[in-house]
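Thanks for asking me to look this one over. Here are my notes, set out point by point so you can follow along in your viewer.

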Amino acid sequence: MVKILVIDDCHLLVSALKQVLNSAGYVVLGTSSSRQGIELLQRESVQLVITDLHMPAPDGVELLRWAGR
């Protein structure tokens, strides 16, 4: 089962992506905070991260660097 994490500071976009991906059969976690995204990555094993690059600190690039450790 593929688990996807969606992180974007636009809550409506997170909700829309979760709905579309869930209907395609994926398990989707989502948050509008990059800090919460990091917390989810610490607790959950995900196969794909979809993130906005321009968010309040830490931004999406920093988040992906952290996830790649």
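The points below go through helices, strands, one charged pair and a proline loop.

1. A word on the source before anything else. This is a predicted model, so please read each distance and angle below as a value computed from predicted coordinates.

2. Let me start with strand S1. Four of its five residues are buried, so S1 is largely enclosed by the rest of the structure. Its partner is S2: the two strands run parallel and are joined by five bridges. If you want one pair to click on, Ile4 has Val28 of S2 as its bridge partner.

3. Which side chains meet in a salt bridge? Those of Lys3 and Glu44 do, at 2.7 Å from N to O. The pair ties together distant parts of the chain, with the two positions 41 residues apart in numbering: Lys3 belongs to strand S1 (residues 3–7), while Glu44 sits in the loop between helix H2 (34–43) and strand S3 (48–51). The structure holds one salt bridge, so this is the one to look at under the cut-off of 4 Å between a side-chain nitrogen and a carboxyl oxygen. Is Glu44 buried, exposed or partly exposed? With a relative accessible area of 29%, Glu44 is partly exposed, because that value falls between the limits of 20% and 50%.

4. Helix H1 passes a simple geometry check. It has 13 residues (11–23), which at 1.5 Å a residue should span 18 Å, and the C-alpha atoms at its ends are indeed 18 Å apart. After H1 comes Gly25, with a positive phi near 100°. For background, most residues other than glycine have a negative phi.

5. Staying with H1, have a look at Lys18, which is located in this helix. Its relative accessibility is 27%, so Lys18 counts as partly exposed. Setting aside residues up to four places away in sequence, Lys18 touches Val28 and Gly30. Lys18 is also 9.0 Å from Leu5, C-alpha to C-alpha, with the two being 13 residues apart in sequence.

6. Helix H2 has two distinct sides. Its buried residues are Ser34, Gly37, Ile38, Leu40 and Leu41. Viewed down the axis of H2, these fall within an arc of 160°, so they line one face of the helix. On the other side, Arg35, Gln42 and Arg43 are exposed. What do the buried residues of H2 pack against? Their packing partners are S1, strand S2 (27–31), S3 and helix H3 (60–67).

7. The start of H2 deserves a closer view. There, a side-chain oxygen of Ser33 comes to within 3.3 Å of the backbone nitrogen of Arg35. Ser34, which lies in H2, has a relative accessibility of 4% and therefore counts as buried. Leaving out neighbours within four places in sequence, Ser34 is in contact with Ile7, Met55, Pro56, Ala57, Pro58 and Leu63.

8. One of those contacts leads to my last point. The side chain of Ser34 reaches the backbone oxygen of Pro58 at 2.6 Å. Pro58 lies in the loop between S3 and H3, and the peptide bond from Ala57 to Pro58 is cis, with omega near -10°. In general, most peptide bonds are trans.

Note on methods: Residues are numbered from 1 along each chain as its sequence is written. This is a predicted model: local features need pLDDT of at least 70, side-chain atom pairs count only at pLDDT 80 or more; totals for chains, interfaces and linings use all residues. Side-chain values use heavy atoms; hydrogens and water are left out. Buried means under 20% relative accessible area, exposed over 50%, partly exposed in between (1.4 Å probe, protein chains only). A polar contact is a pair of N or O atoms within 3.5 Å; within protein, one must be able to donate a hydrogen and the other to accept it, and residues adjacent in sequence count only if both atoms are side-chain atoms. Contact means heavy atoms within 4.5 Å. The expected span of a helix is 1.5 Å times one less than its number of residues. The arc is that of the directions from the helix axis to the C-beta atoms. Two strands pair if DSSP finds at least two bridges between them.
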